[in-house]
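Visitor: I am new to this structure, so please take me through it step by step, with the reasoning behind each answer.

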Amino acid sequence: MEKISVKLPSLADAKRRSKQPSNIERVNYDLPEYVKNIGVNRKYYLRTYGCQANERDSETISGLLEQMNFERTTKPEDADFLLFNTCAIRANAENKVFGEIGQLKRLKVNNPDIIFGICGCMVQEEVVVDKILKQYDQIDLIFGTHNIHRFPQLLYNAMMSKERTVEVFSKEGEIIENLPVNRFNNYKAWVNIMYGCDKFCTYCIVPYTRGKQRSRLMEDIINEVKELKEKGYKEITLLGQNVNAYGKDLNMEDGFADLLEQVAKVGVERIRFSTSHPKDFSIKMVEVMRDNKNIMPFLHLPVQSGNNEILRKMARGYTVEHYKMLFDELKKNIPNIAFSTDMIVGFPNETEEQFQDTLKLVEYCQFDFAFLFIYSPRVGTPAAKMEDSIDEKTKSRRLKELNEKVASYANLKNQAYLNKVVKVLVDGKSKKNDKVYSGYSEENKLVNFTGENIKTGDIVDVLITEIRSWSMNGEKVER
Ligand code: 5AD
Ligand code: SF4
């Protein structure tokens with residue numbers, strides 16, 4: 001058994017980036033012998049917060065736990081080991097986690113042998129680890145985003161030593177291939193193509209919590225996609241914080257357009273990718289999307305603001321005019337494309353006129369969907385140090401106003417689907433009514449529908465009969 005020493009995070013260290021390219025070490029991951037049976041007759045409960053990168057990490061953590069012979073439970077009260085995989089993107093995401101850790105303290109009172117762990121982006125921040133160490137003595141295990149491969153040893157240490165085990169690396173290490181994975185879905189899969197982010201948008205904590213950009217090798221990605229196709233997967237989503245920068249760290253020119261083309265050729269029925277950055281989105285990418293019918297006609301393209309001065313302060317690296325040009329180019333080449341975006345209101349000192357520019361951009365683009373956020377200062381980021389004279393009430397009012405505008409266009413966009421047939425990948429039965437199924441169309445529209453002979457994982461034709469703002473209803477029709 002290895003001696004584990006406490007290792008605390010530092011955002012300042014995370015910020016200092018070496019210019020060295022990432023060392024793509026491909027290890028055949030092997031679970032240490034001594035941890036192999038620590039899960040026998042034990043159950044784990046895993047809760048995931050935040051983005052798809054975290055969901056995918058949880059699939060790896062779950063794969064490791066199952067190799068250690070743990071069994072999964074969906075009830076915290078039944079678990080011997082509880083783990084929260086957390087998100088740091090905004091203060092309210094963090095407050096939710098603290099609230100829930102607080103609530104589950106009672107389990108530890110009833111059964112002191114329970115091991116309670118916390119991992120993910122939150123614990124890459126020293127302020128968070130500090131707070132946990134001082135105020136949450138129910139937490140036994142803390143590990144970060146860069147050392148998931150060390151989780152079995154760390155869990156073993158927490159279980160056997162009964163000491164708090166804390167290991168968070170501030171710097172990313174090598175890319176570890178071949179970690180086990182327990183995929184939570186049998187027909188839709190996420191495939192990481194890169195880790196980390198080098199963009200350093202001034203409001204964002206991700207480049208600090210997830211480290212510098214490291215792309216996986218193209219052949220590793222293609223092999224994973226081929227394997228998934230053979231297993232019968234219908235939909236693959238390529239994941240990265242900034243997928244359009246794929247390969248830049250491997251000296252590739254427009255690597256993502258090439259990768260996407262190669263992935264499309266493997267022939268999985270549906271290919272999606274997330275998240276795109278407008279600055280790195282090339283015209284070749286537009287053509288690859290247009291020319292490959294299995295790349296879905298849907299794009300999540302975060303704009304953040306409709307005002308050039310705010311975009312500059314955010315260090316986004318593009319103008320509103322550039323965004324519109326890209327948007328128009330995509331629409332021209334892929335007429336049925338649907339768009340979603342992310343927007344932040346109340347960035348430090350955002351004036352009323354600057355906010356109005358964001359409303360104008362919504363009028364121009366008429367997004368199908370948008371994720372809207374009130375700016376949340378993150379300790380250690382440049383924007384957190386900017387002066388901000390805008391009060392909370394104004395920020396909430398702007399959010400509401402923007403939300404109303406987005407909702408009205410979302411509804412308008414959906415109206416165009418009435419009496420049309422869309423292809424839906426069936427996710428399963430609705431929780432409220434077992435005669436109703438749900439799934440997503442190629443354009444990423446949530447569709448609820450009825451019909452006969454429907455199985456989860458099928459792709460079916462659905463005639464749209466009723467429109468709502470954020471979903472549509474319909475009936476299955478024969479092809
Ligand atoms: N405050 C508010 N929203 C943020 N996002 C990222 N950082 C912050 C922050 N500090 C939003 C951005 C990003 C999405 C994932 O979260 O819009 O695209
Ligand atoms: Fe954050 Fe910007 Fe990187 Fe997206 S591109 S993860 S918003 S720093």
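**Around the ligand**

Visitor: How many Å from a nitrogen atom of ligand 1 does a backbone N or O atom of Tyr 203 lie?
Guide: This is a predicted model, and the values given here are computed from it. Tyr 203 is among the residues around ligand 1, and the part of Tyr 203 concerned here is its backbone, from which an N or O atom reaches a nitrogen atom of the ligand at a distance of 3.0 Å.

Visitor: Which residue has a side-chain N or O atom 2.6 Å from an oxygen atom of ligand 1?
Guide: Two side chains can be considered, each with an N or O atom facing an oxygen atom of ligand 1. For Arg 90 that distance is 2.9 Å. The distance of 2.6 Å belongs to the side chain of Gln 304.

Visitor: What percentage of the area that ligand 1 exposes when taken alone does the protein bury?
Guide: The starting point is the ligand by itself, which exposes 400 Å². Of that area, the part buried by the protein is 86%.

Visitor: Which elements give two or more residues to the shell around ligand 1?
Guide: The shell around the ligand divides into 6 nonpolar, 2 polar and 3 charged residues, and including Asp 342, Ile 344, Phe 373 and Ile 374 it can be followed along the chain. The elements that contribute two or more residues are strand 13 (338-345) and strand 14 (369-374).

**Cysteines**

Visitor: Which cysteine sulfur is nearest to that of Cys 51, and is Cys 119 buried or exposed?
Guide: A search of the whole structure finds 0 disulfides. Cys 51, which is partly exposed with a relative accessible area of 39%, has its nearest cysteine sulfur 6.4 Å away, in Cys 87. For Cys 119, the nearest cysteine sulfur is that of Cys 121, at 9.6 Å. Since buried means under 20% relative accessible area, Cys 119, at 1%, counts as buried.

**The open sheet**

Visitor: Which strands stand at the edges, each with a single partner strand?
Guide: The open sheet holds 6 strands with parallel pairing, in the order 2-1-3-4-5-6. A strand at the edge has a single partner, so one side of it is left without a neighbour in the sheet, and this applies to strand 2 (71-72) and strand 6 (165-167).

Visitor: Which residue in strand 5 does Gly 117 stand opposite?
Guide: Strand 4 (residues 115-120) and strand 5 (residues 141-143) run parallel and are joined by 2 bridges. Opposite Gly 117, in strand 5, stands Leu 141.

Conventions. Residues numbered from 1 in each chain as written. Chains lettered and ligands numbered in written order. Predicted model: local features only at pLDDT ≥ 70, side-chain atom pairs only at ≥ 80, totals over all residues. Heavy atoms only, no water. Near = heavy atom within 4 Å. Polar contact = N/O pair within 3.5 Å; in protein donor to acceptor, adjacent residues only side chain to side chain. Areas by Shrake-Rupley, 256 points an atom, 1.4 Å probe, with all protein chains shown as cover. Helix = DSSP H or I, 4+ residues; strand = E, 2+ residues; numbered from the N terminus. Nonpolar A, V, L, I, M, F, W, Y, C, P; charged D, E, K, R; others polar. Disulfide = S-S within 2.5 Å. Buried < 20%, exposed > 50% of the residue type's maximum accessible area, 1.4 Å probe, protein only. Pairing = 2+ DSSP bridges.
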